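Hello,

I am passing a structure on to you, and it is shown just below. After it you will find my notes on what turned up when I went through it.

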Amino acid sequence: MATLKELKGRIGSVSSSEKITGAMKMISSAKMHKAEGALRRLVPFRTQIETIIGNIIGADADFTSPLTVARPVNRMAVVILGSDDGLCGAYNINLAKFLREHIAGLRERFGMNLEIEIHAVGKKMRKACSKFADAHTVIAEAQGVDSKSDGMKVKDFTAGLQHRFIAKEIDRVDVLYMHYISAGRQRATADQLLPVDSEAFSSNGETPDAGRLYIFEPSAGDIFRSALPMYLLSTMQEIFCENRASEQAARVMAMQSANDNAKKLLDQLQLEYNKLRQQSITTELLDIVGGQVRE
């Protein structure tokens, strides 16, 4: 049985842990709200770009872009976003499981000889993805980006993927990430980034402002080719923001769970300490009373 001194030391350690997890929860919550704000600021821009491209498609104008060309998929890139830091529960593990399922689906669709490059964003995710390497799967380093990258780094990374797609080094690009729904709910999601699917700009099978007549200046093709890279960049920036918000939400939940467990343990230790202290006091009183009776 533990002594009073040992129990007091444990209570102090658990109490300190409770304070630390509570502080980390507050920090993660602040970071999550910051990422939420950045996400809200990005959505209107992407929505407007989608509307412009949707209007071009709906007007039956003449437009082409190498970013929309679909071809047989022999080699593709899969970008998966995780975290650089730990203490976020099963966040990276769940994404790694989702990646395994996604790769299995791709091989079933495009053949077992499909060459896949996995671009893992985040130190923890790179570590989790290292076991996926095989004869047809390469773990490639996501050049210049991590889970905390700013807009310029994301722009360079997205431009690099576009360049490789246009150069026919890769035939398709998928992005896997944790879609942020709310602070308590995130969902693993896979989006096809390249080639761009024109159906992505339709709503219930109808393009925005369908039936209206437009005069395009410059040509519809020029506008389309200029707007499409902007759409891809805004999409990727939004995904990075969602990843940051989801990571911090997962960390908030993990710290809340750790804090709750620390409180339960603290209550148990405090109860045990009180019982042992009461027992010690009773024993001392009995000794005192017994000594007086003998006298």
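**What was found**

Phe132 is buried, with a relative accessible area of 8%. Please keep in mind throughout that this is a predicted model. Phe132 sits in the loop that runs between helix H3 (123-129) and strand S3 (137-141). Its C-alpha is 8.7 Å from that of Ile118, a residue 14 places away in sequence.

From there, a good place to go is strand S1, which covers residues 75-81. Is S1 enclosed or open? Six of its seven residues are buried, so S1 is largely enclosed by the rest of the structure. Two pairings of S1 are worth following on your screen. With strand S2 (residues 115-121), S1 pairs in the parallel sense over seven bridges. To find this pairing, look for Val79, which stands opposite His119 in S2. The chain gets from S1 to S2 by way of H2, and this β-α-β crossover is right-handed. With strand S4 (residues 172-182), S1 also pairs in the parallel sense, here over five bridges. In this case Met76 is a handy marker, standing opposite Arg172 in S4.

While you are in S2, have a look at Ile116, which belongs to that strand. Ile116 counts as buried because its relative accessibility is 1%, under the 20% limit for that class. How far apart are the C-alpha atoms of Ile116 and Asp85? They are separated by 26 Å, with the two positions 31 residues apart along the chain.

Next comes the loop between S1 and helix H2 (91-110), where several residues caught my eye. Leu87 is found in this loop. Its phi is positive, about 60 degrees, although Leu87 is not a glycine. Leu87 counts as exposed, at 54% relative accessibility. Ala90 lies in the loop as well, and at 36% relative accessibility Ala90 counts as partly exposed. The C-alpha of Ala90 is 8.1 Å from that of Ala250, although the two are 160 residues apart along the chain.

Helix H2 itself has 20 residues. From its first C-alpha to its last, H2 reaches 28 Å, close to the 28 Å expected at 1.5 Å a residue. Buried residues in H2 include Tyr91, Leu95, Phe98, Leu99, His102, Ile103 and Leu106. As you look along the helix, it helps to recall that an α-helix has 3.6 residues a turn, so residues three or four places apart point the same way. Just after H2 comes Gly111, with a positive phi near 110 degrees.

A second residue other than glycine with a positive phi is Lys168, where the value is near 65 degrees. Lys168 is placed in the loop between helix H4 (151-166) and S4. At 61% relative accessibility, Lys168 counts as exposed.

Now to the cysteines. How many disulfides does a search of the whole structure find? The answer is zero. As a reminder, a disulfide is a covalent bond between the sulfur atoms of two cysteines. Why is Cys88 not bonded to Cys129? The sulfur of Cys129 is the closest cysteine sulfur to that of Cys88, yet the two are 14 Å apart, too far for a bond; the cut-off is 2.5 Å. Seen from the other side, Cys129 is in no disulfide either, and the nearest cysteine sulfur is that of Cys88. Cys88 is buried, with a relative accessible area of 4%, and Cys129 counts as buried at 0% relative accessibility.

The aromatic side chains gave a short result too: the structure holds zero aromatic pairs. One ring does have a charged neighbour, though. Arg71 lies over the face of Phe165, at 4.4 Å from the ring centre.

Last, please look at the peptide bond that joins Leu194 and Pro195. This bond is cis, with omega about -5 degrees. Pro195 is in the loop between strand S5 (185-194) and helix H5 (220-294).

If you would like a route for your first look, you could begin with S1 and its parallel pairing with S2, and then go on to Arg71 over the face of Phe165.

Happy exploring, and best wishes

How values were computed. Residues numbered from 1 in each chain as written. Predicted model: local features only at pLDDT ≥ 70, side-chain atom pairs only at ≥ 80, totals over all residues. Heavy atoms only, no water. Helix = DSSP H or I, 4+ residues; strand = E, 2+ residues; numbered from the N terminus. Buried < 20%, exposed > 50% of the residue type's maximum accessible area, 1.4 Å probe, protein only. Pairing = 2+ DSSP bridges. Right-handed = clockwise from strand over helix to strand, strands pointing away. Expected span 1.5 Å × (residues − 1). Phe/Tyr/Trp six-rings, centres within 6.5 Å; stacked < 30°, edge-to-face > 60°. Lys NZ or Arg CZ within 6 Å of the ring centre and 35° of its normal.
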